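Q: Could you take a close look at the aromatic pairs in this model for me? I would like to see how they sit among the strands around them.

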Amino acid sequence: QVQLDESGGGLVQAGGSLRLSCAASGRTFSIGAMGWFRQAPGKERELVAAIGWSGPYTYYADSVKGRFTISRVNAKNTVYLQMNSLKPEDTAIYYCTTNPNRVSGTASSWGQGTQVTVSS
C-alpha cells in the first residue's frame with residue numbers, strides 16, 4: 001500500500017499558476033509511474049499528466065499540453081504538477097495517483113484529492 005499526501009490546490013484567477021505536490025510513502029518500491037487525474041462535476045475523469053518513476057517517460061493530455069509540467073524528485077518520493085496559464089475549464093478536483101491507467105481511469109493508489117478553482 002502506498003499513501004499519497006497532496007497539497008497545493010486553491011483558488012486562482014484565469015491566467016494564473018498553481019503547483020500541486022504529492023508525497024508518497026509506504027511501499028514506494030511498487031511505483032512504476034505517478035500521475036494526476038482530475039474530475040469536474042458532470043465530466044469524465046481525465047488523466048492530465050503522468051511521469052515514469054525512472055526514465056524520461058511523461059504523458060500530457062492534449063487539453064494541458066504546453067501549460068502543465070509534471071516532474072518528480074525521487075529522493076523525496078514526491079511528484080509535482082506545475083500548472084500555468086490556468087483556464088476556468090481546469091477547475092476540478094485533482095487526484096495524485098500511482099501507476100495510473102489512462103484508458104480505464106484506474107490507478108493503484110489515490111490521494112485524497114485537492115480542489116483547484118480557476119475564476120474567470
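A: Happy to. This is a predicted model, and it holds 2 aromatic pairs. In one of them, the ring centres of Phe-37 and Trp-110 lie 5.1 Å apart with the planes at 25°; an angle under 30 degrees counts as stacked, so this pair is stacked. It brings together distant parts of the chain, since Phe-37 belongs to strand E4 and Trp-110 to strand E10 (residues 109-110), 73 residues apart. The two partners differ in exposure: Phe-37 has a relative accessible area of 1% and is buried, whereas Trp-110, at 31%, is partly exposed.

Trp-110 also pairs with Tyr-95, this time edge-to-face, with 6.0 Å from centre to centre and 75° between the planes. Here too distant parts of the chain are linked: Tyr-95 sits in strand E9 and Trp-110 in strand E10, 15 residues apart. Tyr-95 has a relative accessibility of 22%; buried means under 20%, so Tyr-95 counts as partly exposed. Taken together, the ring pairs join Phe-37, Tyr-95 and Trp-110 into a cluster.

From Tyr-95 we can follow the strand outwards. Strand E9 (residues 92-98) pairs with E11 in the antiparallel sense over 3 bridges, and Ile-93 has Gln-115 as its bridge partner in E11. E11 also pairs with strand E2 (residues 10-13), but in the parallel sense, over 4 bridges; there, Gln-13 is partnered by Ser-119. The side chains of E11 (residues 114-119) alternate along the strand: Thr-114, Val-116 and Val-118 point to one face and are buried, while Gln-115, Thr-117 and Ser-119 point to the other face and are not. Both bridge partners just named in E11, Gln-115 and Ser-119, therefore belong to the face that is not buried.

Next, the interior. The largest nonpolar core has 29 residues, and those touching the most other members are Met-34, Trp-36, Ile-70, Val-79, Leu-81, Met-83 and Tyr-94. E1, E3, strand E4 (33-39), strand E5 (46-52), E7, E8, E9 and E11 each supply at least two residues of this core. The largest share, 4 residues, comes from E3.

E3 also has a place in an open sheet of 4 strands, ordered E1-E3-E8-E7 with antiparallel pairing. Its edge strands are E1 (2-7) and E7 (68-73), each pairing on one side only, and the twist averages 20° from one strand to the next. Between E1 and E3 there are 6 bridges, with Ser-7 opposite Ser-21. E3 (residues 18-26) and E8 (residues 78-83) are likewise joined by 6 bridges, and Leu-18 stands opposite Met-83. At the E1 edge, Val-2, Leu-4 and Glu-6 make up a covered face, and Gln-3, Asp-5 and Ser-7 an uncovered one.

Two threonines round off the picture. Thr-28, in the loop between E3 and E4, is buried at 18% relative accessible area and touches Val-2 and Asn-77, leaving aside residues up to four places away in sequence. Thr-69 is found in strand E7 and is partly exposed at 41%. Leaving aside sequence neighbours up to four places away, Thr-69 touches Tyr-60, Tyr-80, Leu-81 and Gln-82.

How values were computed:
Residues are numbered from 1 along each chain as its sequence is written. This is a predicted model: local features need pLDDT of at least 70, side-chain atom pairs count only at pLDDT 80 or more; totals for chains, interfaces and linings use all residues. Side-chain values use heavy atoms; hydrogens and water are left out. Buried means under 20% relative accessible area, exposed over 50%, partly exposed in between (1.4 Å probe, protein chains only). Two strands pair if DSSP finds at least two bridges between them. Axes are lines fitted to C-alpha atoms, for helices over the stretch in contact, and angles run from 0 to 180 degrees between N-to-C directions. A nonpolar core is a set of buried Ala, Val, Leu, Ile, Met, Phe, Trp, Tyr and Cys residues joined through side-chain atoms within 4.5 Å. Contact means heavy atoms within 4.5 Å. Rings of Phe, Tyr and Trp (its six-membered ring) pair if their centres lie within 6.5 Å; planes under 30 degrees apart count as stacked, over 60 as edge-to-face and the rest as tilted.
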